[in-house]
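Okay, thanks for making time, everyone. Let me put the structure up on the screen and then we can walk through it together.

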Amino acid sequence: MSCSITDDEEKPAPSVSSRTSSQPLPLVLADSFKNETNSTITNQIEEDDDSSSSSSTAAKIRINFLYMSTLFAINHGCSVSCLGLANARLGSIGIWQSGVLYASYTASALIGASYFVKRFGSRNGLVLGMGMNAAYVTSFFLVTLIVGKNEELVWLQNVVAIVGALVGGVGSSILWVSQGTYFSCASQLFVSNKEREVLKDVTSRFGGNFAFIFLSFEVILRLLSTLLIETVGLSWEIIFGVYSLLSILPTISMMRAMDMEIYQSLQNNNILRPEDDGSDEGLSPLHKATAALDLLCSDPKTKYLSPVNILFGLSTAFCSSVLNGEVIQKVLSDPNSTYVGLYTAVTSTVAAVASLVFGRLESTHISCLHCGKEVIMSIGASSYLVIALIFFAFPDGSNWNRASLLSVYILLGVGRATFEGTLRAIFADFFPNEKEGAFANIILFSGTASTLGYALSVSGALECEEVSKHCIEYSDNSIHNVLVMEIVIVAVAILSIPSFWRAVWMFRQEGGSDDLSIEISLLDGLDGGLE
């Protein structure tokens, strides 16, 4: 289901009854739901036409985008809060659970997630993905209940944790592909209804707004566990129960969000998305299911963008398992993981503020304040490089203090801001006609890297016989070599920067905007500006 700012030719709308004989009941119900949505949006567009106000339409699009971002942020904030606590609260099974989560997340991006989004639309994909994400969060609540009632039911605890991770991984894949498509469509629709707006500037602003909202709620939800333990003294069962409830409510509310693809089609005088047997414009279901792989093979820019995604995935897995799971407990003498939520909230706070600042720098054209997306991405990659070098010099945390620990979490926030905001805006700019495949590629490479990182963290492949500088003892008394991961992250970080600039060069050669680059210029009307 492609959203485009160009007008499509009108196509006759197939009736629901003509499709019921050949489609399964769920698809028929989905089509029926889309027809009802069409009717609602048609009335809304007619009202907009009556008012002859393109600015009003653009405002509605922006409000709906912010509405989506808020609900998405609450739901996903609950899941990442639980993910950050998985290793600390569930021990080795928590690391295995995180690895399974990223494995199913990655596999779904390769085959399946893009099909659902193309077939049913990004808004419906958001609803499904958030629902499955809520199931993952609820698995933490169930696991803590099981352990609290009977220590002999460890096997059931493991089953619930792994199944929850499988469901959550698939849901997160659908969720992020849907978010990327919704973001790209909203940006295109906003430009088409707002005079004197440029798409690259709108993607920067929308990307910054989304990342700020997303990361701000992540801060609040990460702090929630520490707050409830320290001030109220609630048990982990109740805390995970609160997270479960907070992840379910936004899922229900997301059903009220505007369907951007249908809105675009109706605005271009099409009654339904162009469909034929479940595919867009003649695309086969197989192509829609493997859009990420097809784009990777057909467009070399995705290959050069992949190191940035790999860097984020490896760094996330390494810091989650080593920094959150082990180092912070040693530095703060915190075996109960009370302050894990507090320090991870520092990362989210820095990322939220930085994403808003980066978005403004990317979209403004005032004097020397304009800074291109590729420079911001280089800053993010450099942040992860510095973190890996810090761990290389002081791997076990024995020489760390609160200040050094805080500096690492701040650097993580800078890197996170570039990934959640700037990188997604770049993918929207680079791949306007294959959004589902493009955003699935982000998941494919970052998810694969995270899966590998978690697997190396818990498997015997990197275990040591005795403790040394780069062989640190985990809380479960196992001894792991962290040197390999540190070297790999350093190498990928160094590779990712020139590789990313190569992708930018290719985009320009294709006729893309030169304004992605750094632009330092004097005010309009003055000569001698540098570009």
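I'll talk about salt bridges first and then about cavities.

One thing before we start: this is a predicted model, so please hear every number today as a computed one.

So, how many salt bridges does the structure hold? There are seven, and I'll pick out a few of them.

Let's begin with Glu 510 and Lys 301. Their side chains meet in a salt bridge, at 2.9 Å from N to O. Now look at where the two partners sit. Lys 301 belongs to helix α13, which covers residues 300-332, while Glu 510 is in the segment after α18 (483-509), so this pair ties together parts that are 209 residues apart in sequence. And is Lys 301 buried or exposed? Buried, with a relative accessible area of 1%.

Next, move over to helix α16, residues 402-430. Here Glu 420 forms a salt bridge with Arg 416, and the closest N and O atoms are 2.8 Å apart. The two are four residues apart in that helix, so about one helical turn separates them. On burial, Glu 420 comes out with a relative accessible area of 4%, which counts as buried. Arg 416 is buried too, at 10%.

Glu 420 has another partner in α16, and that's Arg 424. In this salt bridge the closest N and O atoms are 3.5 Å apart. Again we're looking at four residues along α16, so about one helical turn lies between Arg 424 and Glu 420. Both of these residues are buried.

Which residues end up in one network through shared partners? Glu 218, Arg 416, Glu 420 and Arg 424. If you're following on your own screen, click on those four together.

Okay, on to the cavities. Searching the whole structure turns up eight of them at 30 Å³ or more. The largest has a volume of about 630 Å³, and its lining is made up of 35 residues. Which of those lie nearest its centre? Leu 83, Tyr 102, Phe 312, Thr 316 and Arg 416. You'll recognise Arg 416 from a minute ago: the partner of Glu 420 is also part of this lining.

Among the contributors to that lining, α13 gives the most, with seven residues. That's the helix that holds Lys 301.

Last point, the make-up of the lining of the largest cavity: 14 nonpolar residues, 16 polar and five charged.

That's what I had; happy to go back to any of those views.

Note on methods:
Residues numbered from 1 in each chain as written. Predicted model: local features only at pLDDT ≥ 70, side-chain atom pairs only at ≥ 80, totals over all residues. Heavy atoms only, no water. Salt bridge = Lys/Arg side-chain N within 4 Å of Asp/Glu carboxyl O. Buried < 20%, exposed > 50% of the residue type's maximum accessible area, 1.4 Å probe, protein only. 1 Å grid on protein atoms, 1.4 Å probe; cavity = no way out; pocket = protein on both sides within 12 Å on 5 of 7 lines; lining within 4 Å. Points joined across faces, edges and corners; volume = space filled by probe spheres on them. Nonpolar A, V, L, I, M, F, W, Y, C, P; charged D, E, K, R; others polar.
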